[in-house]
Amino acid sequence: MKSRTEDLVLFLAVVDCGGFSAASRQLDVQVARVSRAVSRLEQELQCTLLNRTTRKLELTEEGRRFVDKARQGLAVIEEAEQALSNMQGEPRGRLRVDAVTPFIEHQLVPLVSEFRLAYPGIEMELTSHETIIDLLEHRTDVAIRIGALQDSNLHARFLGRSPLHLVASPDYLQREGCPGSIEALQQHSLIGFAGAPHLNRWPLTEPVTIRPSLSCTSGTILRQLCLAGQGIALLSSFMIDRDLATGRLIALLPGSVEGPNDRELVNAVYYRNTALASRIQVFLDFIAPRLRLNDGVVNG
């Protein structure tokens with residue numbers, strides 16, 4: 001094979017990040033090194049893969065065809081390396097896990113130390129996206145997804161449910177009063193999501209599509225706004241179970257959330273061409289009984 005594996009990795013990072021500087025930051029390497037890798041590829045393949053202008057970077061036709069094959073080639077190499085690692089017994093290699101920021105912060109981070117002690121040969125890489133990503137494009141091994149699944153070409157492992165709660169801070173309730181019914185919610189300051197209208201359709205016993213008086217794109221920020229007394233929010237227990245236990249947030253209108261509903265589902269999704277890589281298997285087996293799901297109860 002003419003192309004070097006490292007050069008392929010750097011080239012794909014440029015494509016995925018949309019530029020040389022962004023790729024260098026993501027991989028923590030010098031921009032010159034990224035540029036040289038792409039130039040080497042183009043020289044070895046005797047064609048231009050990227051059209052570079054001062055404003056943007058675009059794949060050529062040859063580049064578009066090459067990208068897909070390059071991804072497949074790297075996947076085959078990683079699978080071969082994993083097969084050798086499996087023969088040696090202990091799971092090894094890099095494990096890339098993606099989830100929304102609140103799930104990483106409240107569910108995965110507390111488990112990292114114990115997992116790394118149990119499997120020192122695995123190098124963890126945690127990434128957070130608030131939207132659904134393409135696992136192949138982002139070279140991700142496992143993604144934790146909240147809600148109903150739509151990707152039929154992915155394998156899934158059900159991890160549990162995370163019930164939804166209408167919540168507000170004691171300060172907000174003291175100032176504005178507690179709603180006595182679902183209809184009364186419209187008289188309050190409601191905090192919702194920007195750019196995700198489906199998350200503003202609250203699955204209550206009387207379904208409500210809210211018009212947020214305050215909105216944001218991150219569940220982490222939404223929780224902080226709620227803690228700061230800015231209004232009422234509908235949040236998953238995986239991120240607020242400790243807040244409810246300590247009284248920092250108060251659950252409102254018990255029984256008003258329709259359940260079970262699809263937004264409570266928590267699944268791990270991954271590609272599996274042949275045997276499931278041992279590093280993925282041990283990760284899923286490790287976290288499944290330890291996650292605080294099903295109303296804050298540790299699974300298992």
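Here a trainee and a mentor talk through how some terms apply to this predicted model.

Trainee: Let's begin with the whole protein. What does it contain, in helices and strands?

Mentor: The protein has nine helices and 16 strands. Its C-alpha atoms fill a box of roughly 70 × 50 × 35 Å along the principal axes, and buried residues make up 44% of the 300 residues.

Trainee: Why are α7 and α8 called roughly parallel?

Mentor: Two packed helices are described by the angle between their axes and the distance between the axes. For α7 and α8 the angle is about 20° and the axes are 11 Å apart. Angles under 35 degrees count as roughly parallel, and therefore α7 and α8 are roughly parallel to each other.

Trainee: Which residues make that contact?

Mentor: From α7 come Gly219, Thr220, Arg223 and Leu227, and from α8 come Met239, Ile240 and Asp243. By class, the contact has three nonpolar, two polar and two charged residues.

Trainee: What makes Gly219 a polar residue in that count?

Mentor: Good one to ask! The classes used here put Gly among the polar residues.

Trainee: Where do these two helices lie on the strands?

Mentor: Helix α7 (residues 219-227) lies across β7 and β12, at about 125° to β12. Helix α8 (residues 237-246) lies across β7, β12 and β13, at about 105° to β12.

Trainee: What word fits the direction of α8 against β12, and what word fits α7?

Mentor: Set the values against the ranges. The range from 65 to 115 degrees counts as roughly perpendicular, and α8 makes about 105° with β12, so α8 is roughly perpendicular to β12. The angle of α7 to β12 is about 125°, so this pair counts as oblique.

Trainee: How do you know that β7 and β13 are paired?

Mentor: Pairing needs at least two bridges. Two bridges join β7 (residues 164-168) to β13, and the strands run antiparallel, so they count as a pair. Ala168 stands opposite Ile250 in β13.

Trainee: What makes β12 and β13 edge strands?

Mentor: The open sheet has the order β12-β7-β13, and β12 (233-236) and β13 (250-251) each pair on one side only.

Trainee: How many bridges link β5 and β14?

Mentor: Strand β5 (residues 142-146) pairs with β14 (residues 265-270) over four bridges in the antiparallel sense. Ile146 stands opposite Val266 in β14. These strands belong to an open sheet with the order β4-β3-β5-β14-β6 and mixed pairing.

Technical notes: Residues are numbered from 1 along each chain as its sequence is written. This is a predicted model: local features need pLDDT of at least 70, side-chain atom pairs count only at pLDDT 80 or more; totals for chains, interfaces and linings use all residues. Side-chain values use heavy atoms; hydrogens and water are left out. Contact means heavy atoms within 4.5 Å. Axes are lines fitted to C-alpha atoms, for helices over the stretch in contact, and angles run from 0 to 180 degrees between N-to-C directions. Angles under 35 degrees count as roughly parallel, over 145 as roughly antiparallel, 65 to 115 as roughly perpendicular and the rest as oblique. Buried means under 20% relative accessible area, exposed over 50%, partly exposed in between (1.4 Å probe, protein chains only).
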